[in-house]
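Me: I'm new to this one and would like to learn how to read it. Could we go through it feature by feature?

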Amino acid sequence: MTSMGPLRIAPLHGLVSEAEWQARLDLAACYRLCEHYGMSDMIYTHITARVPDSADHFLINPNGLFFGEMTASSLLKVSLDGEILYRPDLPYGLHPAGFTIHSALYRARPDVMAAMHTHTIAGMAVSAMKCGLLPLTQTATRFYGRIAYHDFRGPERDPSEREALAGSLGSLNYCILRNHGLLTVGASMPEAFIAMWGLERACQAQLQAMACNTELEMPSPEVVAKSCAMYAPGASRTYGPLEWQGLMRRIDAIDPSWRE
(Lines give C-alpha, C1' and ligand atoms only; values in the text may rest on other atoms or scores of the structure.)
Protein backbone atom coordinates (compact mmCIF):
# COMPACT_ATOMS: atom_id res chain seq x y z
CA MET A 1 0.00 0.00 0.00
CA THR A 2 1.40 3.40 -0.94
CA SER A 3 1.50 6.27 1.52
CA MET A 4 -1.11 9.01 1.19
CA GLY A 5 1.49 11.60 2.16
CA PRO A 6 0.57 14.72 4.12
CA LEU A 7 -3.19 15.23 4.49
CA ARG A 8 -4.66 18.00 2.34
CA ILE A 9 -8.15 18.92 3.51
CA ALA A 10 -10.09 21.85 2.11
CA PRO A 11 -10.72 24.43 4.86
CA LEU A 12 -14.35 24.87 5.91
CA HIS A 13 -14.12 28.13 7.84
CA GLY A 14 -16.57 30.55 6.25
CA LEU A 15 -18.51 27.75 4.57
CA VAL A 16 -20.35 26.65 7.72
CA SER A 17 -22.11 28.69 10.40
CA GLU A 18 -20.01 30.29 13.11
CA ALA A 19 -21.75 28.05 15.65
CA GLU A 20 -20.78 24.93 13.73
CA TRP A 21 -17.23 26.19 13.22
CA GLN A 22 -16.78 26.77 16.95
CA ALA A 23 -18.10 23.26 17.64
CA ARG A 24 -15.59 21.93 15.09
CA LEU A 25 -12.74 23.80 16.78
CA ASP A 26 -13.66 22.51 20.23
CA LEU A 27 -14.05 18.95 18.98
CA ALA A 28 -10.77 18.97 17.03
CA ALA A 29 -9.06 20.35 20.15
CA CYS A 30 -10.55 17.55 22.22
CA TYR A 31 -9.16 14.92 19.85
CA ARG A 32 -5.68 16.47 20.08
CA LEU A 33 -5.95 16.62 23.90
CA CYS A 34 -7.06 13.00 24.02
CA GLU A 35 -3.96 12.05 22.02
CA HIS A 36 -1.68 14.30 24.09
CA TYR A 37 -2.83 12.80 27.40
CA GLY A 38 -2.62 9.18 26.25
CA MET A 39 -6.34 8.48 26.05
CA SER A 40 -6.58 7.61 22.35
CA ASP A 41 -6.78 4.10 20.88
CA MET A 42 -5.54 4.56 17.31
CA ILE A 43 -8.81 4.87 15.31
CA TYR A 44 -11.01 2.75 17.56
CA THR A 45 -12.81 5.27 19.76
CA HIS A 46 -14.72 8.45 19.10
CA ILE A 47 -15.58 11.89 20.41
CA THR A 48 -18.51 13.87 19.04
CA ALA A 49 -20.21 17.26 19.26
CA ARG A 50 -23.78 18.16 18.43
CA VAL A 51 -24.05 20.96 15.85
CA PRO A 52 -25.39 23.82 18.02
CA ASP A 53 -27.67 25.34 15.39
CA SER A 54 -28.78 22.01 13.91
CA ALA A 55 -29.77 19.72 16.78
CA ASP A 56 -30.34 16.61 14.65
CA HIS A 57 -26.77 16.67 13.31
CA PHE A 58 -23.46 15.88 15.00
CA LEU A 59 -19.74 15.91 14.19
CA ILE A 60 -17.55 12.80 14.42
CA ASN A 61 -14.11 11.60 13.32
CA PRO A 62 -13.67 9.93 9.92
CA ASN A 63 -12.89 6.27 10.55
CA GLY A 64 -9.22 6.27 9.55
CA LEU A 65 -7.70 9.47 10.92
CA PHE A 66 -5.62 9.26 14.08
CA PHE A 67 -6.66 11.60 16.89
CA GLY A 68 -3.42 13.56 16.54
CA GLU A 69 -4.29 14.30 12.89
CA MET A 70 -7.75 15.70 13.52
CA THR A 71 -8.59 19.23 12.40
CA ALA A 72 -11.72 21.35 12.51
CA SER A 73 -12.30 20.83 8.76
CA SER A 74 -11.68 17.07 8.75
CA LEU A 75 -14.72 16.07 10.82
CA LEU A 76 -17.71 14.26 9.37
CA LYS A 77 -21.13 15.85 9.77
CA VAL A 78 -23.87 13.24 10.10
CA SER A 79 -27.58 13.12 10.87
CA LEU A 80 -29.13 11.11 13.69
CA ASP A 81 -30.39 8.75 10.97
CA GLY A 82 -26.85 8.05 9.74
CA GLU A 83 -26.80 10.22 6.63
CA ILE A 84 -23.35 11.71 5.98
CA LEU A 85 -23.99 15.38 5.25
CA TYR A 86 -20.35 16.39 4.91
CA ARG A 87 -17.23 14.31 4.39
CA PRO A 88 -13.79 15.72 3.62
CA ASP A 89 -11.95 14.49 0.54
CA LEU A 90 -10.58 11.43 2.31
CA PRO A 91 -11.23 7.68 1.79
CA TYR A 92 -12.71 7.35 5.28
CA GLY A 93 -16.32 6.97 6.28
CA LEU A 94 -18.47 6.60 9.37
CA HIS A 95 -17.55 4.13 12.12
CA PRO A 96 -20.65 1.94 12.79
CA ALA A 97 -20.06 1.66 16.55
CA GLY A 98 -19.33 5.36 16.80
CA PHE A 99 -22.59 6.20 15.09
CA THR A 100 -24.57 3.75 17.24
CA ILE A 101 -23.24 5.05 20.55
CA HIS A 102 -23.36 8.76 19.81
CA SER A 103 -26.64 8.86 17.92
CA ALA A 104 -28.19 7.09 20.92
CA LEU A 105 -26.97 9.81 23.25
CA TYR A 106 -28.11 12.74 21.12
CA ARG A 107 -31.50 11.17 20.42
CA ALA A 108 -32.22 10.54 24.10
CA ARG A 109 -30.64 13.62 25.69
CA PRO A 110 -31.41 17.05 24.15
CA ASP A 111 -29.20 18.59 26.86
CA VAL A 112 -26.10 16.73 25.67
CA MET A 113 -23.87 18.77 23.35
CA ALA A 114 -20.71 16.63 23.47
CA ALA A 115 -19.77 13.03 24.18
CA MET A 116 -16.48 11.21 24.66
CA HIS A 117 -15.74 7.46 24.62
CA THR A 118 -12.37 5.89 25.46
CA HIS A 119 -10.66 2.50 25.62
CA THR A 120 -7.82 3.33 28.02
CA ILE A 121 -6.08 0.55 29.93
CA ALA A 122 -7.30 1.94 33.26
CA GLY A 123 -10.84 2.47 32.01
CA MET A 124 -11.08 -1.00 30.50
CA ALA A 125 -9.63 -2.58 33.64
CA VAL A 126 -12.11 -0.90 36.00
CA SER A 127 -14.92 -1.72 33.56
CA ALA A 128 -14.03 -5.40 34.06
CA MET A 129 -14.13 -5.19 37.87
CA LYS A 130 -17.35 -6.30 39.53
CA CYS A 131 -16.89 -3.55 42.14
CA GLY A 132 -16.72 -0.85 39.47
CA LEU A 133 -15.40 2.54 40.51
CA LEU A 134 -14.68 2.76 44.25
CA PRO A 135 -14.64 5.98 46.33
CA LEU A 136 -10.96 5.49 47.14
CA THR A 137 -9.86 9.03 46.32
CA GLN A 138 -11.24 12.55 46.40
CA THR A 139 -11.29 12.51 42.60
CA ALA A 140 -13.36 9.33 42.56
CA THR A 141 -16.01 10.88 44.82
CA ARG A 142 -16.73 13.40 42.09
CA PHE A 143 -18.23 10.50 40.13
CA TYR A 144 -19.17 7.91 42.75
CA GLY A 145 -22.93 7.52 43.02
CA ARG A 146 -23.41 9.53 39.83
CA ILE A 147 -22.05 7.01 37.35
CA ALA A 148 -24.10 4.63 35.21
CA TYR A 149 -23.11 1.09 34.20
CA HIS A 150 -23.97 -0.50 30.87
CA ASP A 151 -23.57 -4.26 30.41
CA PHE A 152 -21.45 -5.58 27.54
CA ARG A 153 -23.32 -7.43 24.81
CA GLY A 154 -20.67 -7.30 22.12
CA PRO A 155 -19.37 -4.38 20.03
CA GLU A 156 -21.88 -1.52 19.84
CA ARG A 157 -22.74 -1.90 16.15
CA ASP A 158 -26.34 -3.06 16.38
CA PRO A 159 -28.80 -0.13 16.12
CA SER A 160 -30.98 -1.88 18.70
CA GLU A 161 -28.27 -1.09 21.27
CA ARG A 162 -29.11 2.61 21.09
CA GLU A 163 -32.18 2.36 23.28
CA ALA A 164 -30.41 0.10 25.79
CA LEU A 165 -27.43 2.45 26.11
CA ALA A 166 -29.64 5.51 26.48
CA GLY A 167 -31.62 3.67 29.14
CA SER A 168 -28.48 2.76 31.07
CA LEU A 169 -27.18 6.33 31.05
CA GLY A 170 -30.53 7.89 31.93
CA SER A 171 -30.03 11.45 33.17
CA LEU A 172 -26.42 10.85 34.29
CA ASN A 173 -23.32 12.25 32.57
CA TYR A 174 -20.81 9.47 33.29
CA CYS A 175 -20.93 5.80 32.34
CA ILE A 176 -18.73 2.74 32.64
CA LEU A 177 -19.36 0.44 29.71
CA ARG A 178 -18.77 -2.97 31.32
CA ASN A 179 -15.85 -4.92 29.80
CA HIS A 180 -15.42 -2.06 27.31
CA GLY A 181 -14.41 1.41 28.47
CA LEU A 182 -15.55 4.83 29.67
CA LEU A 183 -18.12 7.34 28.45
CA THR A 184 -18.78 10.95 29.43
CA VAL A 185 -21.26 13.51 28.13
CA GLY A 186 -21.71 17.19 28.84
CA ALA A 187 -23.46 20.43 27.96
CA SER A 188 -20.20 21.47 26.26
CA MET A 189 -17.02 19.92 24.93
CA PRO A 190 -14.94 21.28 27.83
CA GLU A 191 -17.33 19.63 30.31
CA ALA A 192 -17.18 16.25 28.57
CA PHE A 193 -13.36 16.33 28.33
CA ILE A 194 -12.67 17.41 31.90
CA ALA A 195 -15.12 14.77 33.14
CA MET A 196 -13.22 12.12 31.18
CA TRP A 197 -9.89 13.46 32.44
CA GLY A 198 -11.06 13.13 36.05
CA LEU A 199 -12.74 9.76 35.58
CA GLU A 200 -9.64 8.38 33.88
CA ARG A 201 -7.40 9.53 36.74
CA ALA A 202 -9.78 8.04 39.31
CA CYS A 203 -9.55 4.70 37.47
CA GLN A 204 -5.74 4.92 37.26
CA ALA A 205 -5.47 5.64 41.00
CA GLN A 206 -7.77 2.73 41.86
CA LEU A 207 -5.77 0.29 39.74
CA GLN A 208 -2.45 1.35 41.21
CA ALA A 209 -3.74 1.26 44.78
CA MET A 210 -5.29 -2.19 44.33
CA ALA A 211 -2.06 -3.49 42.77
CA CYS A 212 0.06 -2.59 45.82
CA ASN A 213 -0.86 -5.72 47.79
CA THR A 214 -1.61 -3.79 50.95
CA GLU A 215 -4.79 -2.99 52.82
CA LEU A 216 -6.63 -0.01 51.35
CA GLU A 217 -7.73 2.96 53.43
CA MET A 218 -11.37 3.38 52.39
CA PRO A 219 -13.04 6.61 53.59
CA SER A 220 -15.98 6.11 55.92
CA PRO A 221 -19.48 6.13 54.40
CA GLU A 222 -20.10 9.48 56.11
CA VAL A 223 -17.00 11.06 54.56
CA VAL A 224 -17.82 9.58 51.14
CA ALA A 225 -21.34 11.00 51.34
CA LYS A 226 -20.01 14.43 52.39
CA SER A 227 -17.43 14.52 49.60
CA CYS A 228 -19.91 13.33 46.95
CA ALA A 229 -22.38 16.02 48.06
CA MET A 230 -19.73 18.70 47.62
CA TYR A 231 -19.39 17.65 43.95
CA ALA A 232 -23.14 17.56 43.32
CA PRO A 233 -24.45 19.66 40.41
CA GLY A 234 -24.93 23.20 41.65
CA ALA A 235 -22.81 22.66 44.74
CA SER A 236 -19.56 23.53 42.97
CA ARG A 237 -18.45 25.26 39.79
CA THR A 238 -18.98 23.66 36.39
CA TYR A 239 -15.79 21.79 35.56
CA GLY A 240 -14.39 22.43 32.08
CA PRO A 241 -14.72 26.08 31.03
CA LEU A 242 -12.08 27.36 33.46
CA GLU A 243 -9.56 24.73 32.35
CA TRP A 244 -10.28 24.92 28.62
CA GLN A 245 -8.32 28.05 27.67
CA GLY A 246 -5.15 26.70 29.30
CA LEU A 247 -5.62 23.42 27.45
CA MET A 248 -5.95 25.34 24.16
CA ARG A 249 -2.66 27.09 24.88
CA ARG A 250 -1.04 23.74 25.53
CA ILE A 251 -2.03 22.14 22.22
CA ASP A 252 -1.39 25.37 20.29
CA ALA A 253 2.18 25.25 21.58
CA ILE A 254 2.54 21.68 20.32
CA ASP A 255 0.87 22.03 16.91
CA PRO A 256 -1.79 24.63 16.02
CA SER A 257 -2.87 22.80 12.85
CA TRP A 258 -6.00 21.51 14.61
CA ARG A 259 -7.52 24.93 13.95
CA GLU A 260 -7.47 24.42 10.17
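Me: Let's start small. Which residues does threonine 45 touch, not counting residues up to four places away in sequence?
Reply: Keep in mind that this is a predicted model. Threonine 45 touches Asn61, Phe67, His117, Thr118 and His119. You'll find threonine 45 in the loop between H1 and S1.

Me: Is threonine 45 buried or exposed?
Reply: Buried means under 20% relative accessible area. Threonine 45 comes out at 0%, so it counts as buried. For a sense of distance, take glutamate 83: it sits 38 residues along the chain from threonine 45, and their C-alpha atoms are separated by 20 Å.

Me: How do I read a nonpolar core?
Reply: Start with the general idea: in soluble globular proteins, nonpolar side chains tend to be buried together. Here the largest nonpolar core has 50 residues, and Leu27, Ile47, Met116, Met189, Phe193, Trp244 and Met248 are those with the most contacts inside it. Several elements supply at least two residues each, including helix H1 (18-36), strand S5 (114-118), helix H6 (189-210) and helix H8 (241-254). H1 gives the largest share, 10 residues. There's also a second, separate core of 19 residues, with Phe58, Ile101, Tyr106 and Leu183 among them.

Me: What is methionine 116 in contact with, leaving aside its neighbours within four places in sequence?
Reply: Its contacts include Cys30 and Cys34, then Ile47, His102 and Thr184, and also Phe193 and Met196. Now look over at lysine 226, which lies in helix H7 (residues 221-230). Lysine 226 is exposed, with a relative accessible area of 58%. From C-alpha to C-alpha, lysine 226 and methionine 116 are 28 Å apart, with their positions 110 residues apart in sequence.

Me: And how do I describe two helices that pack together?
Reply: Two packed helices are described by the angle between their axes and the distance between the axes. For H6 and H8, the angle is about 85° and the axes are 9 Å apart. Angles of 65 to 115 degrees count as roughly perpendicular, so H6 is roughly perpendicular to H8.

Me: Which residues make that contact between H6 and H8?
Reply: H6 brings Met189, Pro190, Phe193 and Ile194, while H8 brings Pro241, Glu243, Trp244 and Leu247. Sorted by class, that is seven nonpolar, no polar and one charged residues.

Me: How many aromatic pairs does the structure hold?
Reply: There are eight aromatic pairs. One of them joins tyrosine 31 and phenylalanine 67: it is edge-to-face, 4.7 Å centre to centre with 80° between the planes. Tyrosine 31 is in helix H1 and phenylalanine 67 in the loop between strand S2 (54-60) and strand S3 (76-79), so the pair ties together parts 36 residues apart in sequence. Both tyrosine 31 and phenylalanine 67 are buried.

Me: Why is the pair of tyrosine 37 and tryptophan 197 edge-to-face?
Reply: Planes over 60 degrees apart count as edge-to-face. The planes of these two rings are at 65°, with centres 4.9 Å apart, so the pair fits that description. It links distant parts of the chain, 160 residues apart: tyrosine 37 in the loop between H1 and S1, and tryptophan 197 in helix H6. Tyrosine 37 is partly exposed at 24% relative accessibility, and tryptophan 197 is partly exposed too, at 29%.

Me: Which residues do ring pairs link into a cluster?
Reply: Tyr37, Phe193, Trp197 and Trp244.

Key. Residues are numbered from 1 along each chain as its sequence is written. This is a predicted model: local features need pLDDT of at least 70, side-chain atom pairs count only at pLDDT 80 or more; totals for chains, interfaces and linings use all residues. Side-chain values use heavy atoms; hydrogens and water are left out. A nonpolar core is a set of buried Ala, Val, Leu, Ile, Met, Phe, Trp, Tyr and Cys residues joined through side-chain atoms within 4.5 Å. Buried means under 20% relative accessible area, exposed over 50%, partly exposed in between (1.4 Å probe, protein chains only). Helices (H or I, at least four residues) and strands (E, at least two) are DSSP runs, numbered from the N terminus. Contact means heavy atoms within 4.5 Å. Axes are lines fitted to C-alpha atoms, for helices over the stretch in contact, and angles run from 0 to 180 degrees between N-to-C directions. Angles under 35 degrees count as roughly parallel, over 145 as roughly antiparallel, 65 to 115 as roughly perpendicular and the rest as oblique. Ala, Val, Leu, Ile, Met, Phe, Trp, Tyr, Cys and Pro count as nonpolar, Asp, Glu, Lys and Arg as charged, and the others, Gly among them, as polar. Rings of Phe, Tyr and Trp (its six-membered ring) pair if their centres lie within 6.5 Å; planes under 30 degrees apart count as stacked, over 60 as edge-to-face and the rest as tilted.
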